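Thanks for asking me to look this one over with you. Here are my notes, written for someone meeting the structure for the first time.

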Amino acid sequence: MAVACSPKSIFNRPIIPSSSASSSSSPSLPSFIRPPNPSPLSLGLTRFHLPAIIPTALKTVESHETYSHKLDHVASDSETKPTILVSEKLGDAGLSLLRTFGNVDCSYDLSPDQLCDKISSCDALIVRSGTKVTKQVFEAGKGRLKVVGRAGVGIDNVDLQAATEFGCLVVNAPTANTVAAAEHGIALLVAMARNVPQADASVKAGKWQRNKYVGVSLVGKTLAVLGFGKVGSEVARRAKGLGMQVIAHDPYAPADRARALGVDLVSFDAAISTADFISLHMPLTPDTSKMFNDDTFSMMKKGVRIINVARGGVIDEGALVRALDAGIVAQAALDVFTKEPPPEGDKLVRHENVIATPHLGASTKEAQEGVAIEIAEAVVGALKGELSATAVNAPMVAPDVLTELAPYVVLAEKLGRMAVQLVAGGQGGGVKSVKVVYRSGRAPDDLDTRLLRAMVTKGIIEPISASFVNLVNADFTAKQKGLRITEERVVVDSSPEFPIHSIQVKISNVGSKFASAVSENGEISVEGRVKYGEPHLTSVGSFEVDVSLEGNLILCRQVDQPGMIGQVGNILGERNINVSFMSVGRTVRRKQAIMAIGVDEEPDKVALRKIGEVANIEEFVFLNL
């Protein structure tokens with residue numbers, strides 16, 4: 001999350017969610033590339049060991065301990081077909097495809113214990129949203145389970161970290177239900193505007209209440225699409241056909257694609273404050289959870305109408321009930337809920353101004369068949385040892401490579417995460433062009449940066465996207481987001497014993513929440529090095545700093561004069577916020593300086609406001625790393 005302020009100004013709304021675990025004394029790798037703990041269940045049990053960029057067939061890398069274990073239950077690919085467990089209903093076309101390759105076991109409505117009992121004899125598992133694939137499931141798989149396929153987009157019900165630890169690839173089917181979800185969003189939009197469900201129930205109850213169910217027209221009304229990905233853009237296309245004015249907010253939506261649909265990209269605040277209708281299409285992440293709360297609803301136009309076919313958890317359902325009762329929100333049409341099914345007597349579901357459907361977004365015959373085929377192809381490909389573009393966790397990398405790159409992997413992700421938090425939301429259609437500069441004492445040909453590029457991509461995209469970025473899908477995901485990532489390798493006078501001297505991330509053609517982060521070339525620029533085994537930030541824009549990239553960070557541009565550190569430190573101390581480190585960098589003495597402050601806790605609004613009110617602090621930004 002990033003909060004940027006100028007002195008005495010209102011806080012810009014955070015648009016960058018999530019935080020990564022703080023570094024320890026020995027930097028740990030992110031779970032999606034960390035080798036599993038060496039146990040009989042997790043050592044070398046997967047075929048997915050090579051970077052996705054390598055086009056050749058994947059090779060199986062196995063330890064002596066696990067080779068004999070695998071021989072017990074798999075003689076060879078040619079002699080024994082893999083067993084594929086399908087735990088929820090799947091379209092016939094998908095099942096037919098699976099049966100051409102393996103033995104398919106369709107066992108529905110399994111209890112957690114029953115699933116664990118079955119999984120030890122299965123090579124693949126296909127689920128929808130109802131089956132919870134927990135760590136216990138992967139443990140029960142005893143290393144045989146190679147792939148979990150999620151027939152749909154969301155993978156909230158799959159423990160990704162456990163999947164990676166046990167060498168199991170997870171794939172999903174993100175494209176087949178796009179049109180179905182968009183059509184359902186439009187159906188809810190129109191039904192809500194004209195009170196169709198309420199009027200239907202009234203007539204069936206023997207009433208004829210024409211005056212009670214007067215609706216509103218859609219022509220000329222403003223629809224805000226929040227999340228302009230596949231589904232969001234299809235909703236916008238159809239809403240334009242209904243005569244609506246469409247605006248959208250999405251940090252990664254390419255401006256040219258939006259313009260082609262006649263859609264204006266705006267900031268989050270502008271979208272929610274000017275819209276007559278709001279359609280939600282963002283992912284559910286820790287920081288989008290309850291994004292629509294009392295504060296957010298208070299910024300909306302009175303009488304706004306809300307449609308949600310994305311994820312239930314993005315709305316604080318209690319706050320929505322209050323907004324409906326107060327008349328801030330006139331109506332809501334909801335296909336998704338925080339808990340599904342909602343508890344009996346749920347106030348939101350029973351509200352007279354709410355239309356509710358039981359998660360029908362992907363429920364068309366065509367979408368179900370499409371999802372079935374898409375996930376079947378991905379699972380079969382994975383069982384053949386192929387890497388899928390829809391993989392949502394990563395293959396393992398050779399231990400010696402990981403050992404050498406471990407601290408630089410952490411540095412690359414944190415620089416990407418930091419750089420994107422400095423981008424001003426809604427300007428220029430979001431992030432489109434990123435350049436990564438590696439400075440090294442090694443010759444360019446001796447430096448393999450694919451893992452580092454994937455981590456920069458992960459840091460930039462993953463915090464505000466439903467995508468899970470890894471070695472398998474980093475380049476594919478960046479391309480899908482309209483994000484162009486280029487690399488430059490610069491040879492410097494440093495010891496070739498260490499693979500990287502420094503990494504610099506530049507984002508061009510965007511506005512910045514923190515003007516000091518913009519270099520002389522007009523790019524947002526952050527650079528870092530590994531010092532004492534820890535990732536450090538060494539420059540922001542044209543300013544040199546030296547701070548550990550750990551936890552939370554406050555950057556302040558100030559007039560270079562005595563007492564500034566003490567004033568800010570006192571404010572944080574008064575709010576019981578612990579300062580872990582502090583550094584000041586300047587360009588010219590007694591001119592301007594950048595103060596970088598590491599804090600253990602996230603400062604509240606009062607602390608941030610007081611920092612902004614300090615005389616001679618010209619701007620500041622809070623970053624969650």
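The points below go from the whole chain to its sheets, and then to a few single residues.

1. A word on the source before anything else: this is a predicted model. Please keep that in mind as you read each value that follows.

2. Let us begin with the whole chain. The protein chain holds 19 helices and 23 strands. Of its 625 residues, 54% are buried. The exposed surface comes to about 26,700 Å², and carbon and sulfur atoms supply 50% of that area. Among contacts between residues at least 6 apart in sequence, 69% join residues at least 24 apart.

3. A good place to start looking is the open sheet of seven strands. Its order is 9-8-7-10-11-12-13, and its pairing is parallel. At the edges sit strand 9 (264-265) and strand 13 (354-356), each of which pairs on one side only. As general background, the strands of a sheet pair through backbone hydrogen bonds, either parallel or antiparallel.

4. For one pair inside that sheet, look at strand 7 and strand 10. Strand 7 covers residues 222-226 and strand 10 covers residues 277-280; four bridges link them in the parallel sense. If you would like a single position to find on screen, try A224, whose bridge partner in strand 10 is I278.

5. Which strands does helix 6 lie across? Helix 6, residues 178-193, lies across strand 10, strand 11 (304-308), strand 12 (329-334) and strand 13. The helix runs at about 150 degrees to strand 11.

6. The next sheet to view is also open, with five strands in the order 3-2-4-5-6 and parallel pairing. Strand 3 (103-106) and strand 6 (169-172) are the edge strands, so named because each pairs on one side only. On average, neighbouring strands of this sheet are turned by 20 degrees against each other, direction ignored.

7. Within the five-stranded sheet, strand 2 (residues 83-86) and strand 4 (residues 124-127) run parallel and are joined by three bridges. Here L85 has L125 as its bridge partner in strand 4.

8. Two helices that pack on this sheet deserve a look. Helix 2, residues 92-99, touches strand 2, strand 3 and strand 4, and its direction makes about 140 degrees with that of strand 3. Helix 14, residues 365-383, also packs on the sheet, where it touches strand 2, strand 4, strand 5 (147-150) and strand 6. The direction of helix 14 makes about 170 degrees with that of strand 5.

9. Some backbone details are easy to miss, so here is one to check. The peptide bond from E340 to P341 is cis, with omega near -5 degrees. You will find P341 in the loop between strand 12 and helix 13 (347-350).

10. Two asparagines also invite a check of the backbone. N195 is not a glycine, yet it has a positive phi of about 55 degrees; its place is the loop between helix 6 and helix 7 (196-204). N616 is not a glycine either, and its phi is positive at about 75 degrees. That residue lies in the loop between helix 19 (605-613) and strand 23 (617-624).

11. Are these asparagines buried or exposed? N195 counts as buried because its relative accessibility is 10%, under the 20% cut-off. N616 has 33% relative accessibility and therefore counts as partly exposed.

12. Next comes S583, placed in strand 21 (residues 579-586). Its relative accessibility is 13%, so S583 counts as buried. Leaving aside neighbours within four places in sequence, S583 is in contact with V545, D546, V547, I594, M595 and A596. S583 and D546 are 37 residues apart in sequence, while their C-alpha atoms are 6.3 Å apart in space. A polar atom of the S583 side chain lies 3.5 Å from the backbone nitrogen of D546.

13. Finally, have a look at T538 in strand 18 (residues 534-540). T538 counts as buried because its relative accessibility is 18%. Not counting residues up to four places away in sequence, T538 touches E527, G528, R529, F543, E544 and V545. One of these, V545, is also among the contacts of S583, which gives you a handy way to move from one residue to the other on screen.

Technical notes
Residues are numbered from 1 along each chain as its sequence is written. This is a predicted model: local features need pLDDT of at least 70, side-chain atom pairs count only at pLDDT 80 or more; totals for chains, interfaces and linings use all residues. Side-chain values use heavy atoms; hydrogens and water are left out. Two strands pair if DSSP finds at least two bridges between them. Contact means heavy atoms within 4.5 Å. Axes are lines fitted to C-alpha atoms, for helices over the stretch in contact, and angles run from 0 to 180 degrees between N-to-C directions. Buried means under 20% relative accessible area, exposed over 50%, partly exposed in between (1.4 Å probe, protein chains only). Accessible areas come from the Shrake-Rupley method with a 1.4 Å probe; for residues, only the protein chains shown count as cover. A polar contact is a pair of N or O atoms within 3.5 Å; within protein, one must be able to donate a hydrogen and the other to accept it, and residues adjacent in sequence count only if both atoms are side-chain atoms.
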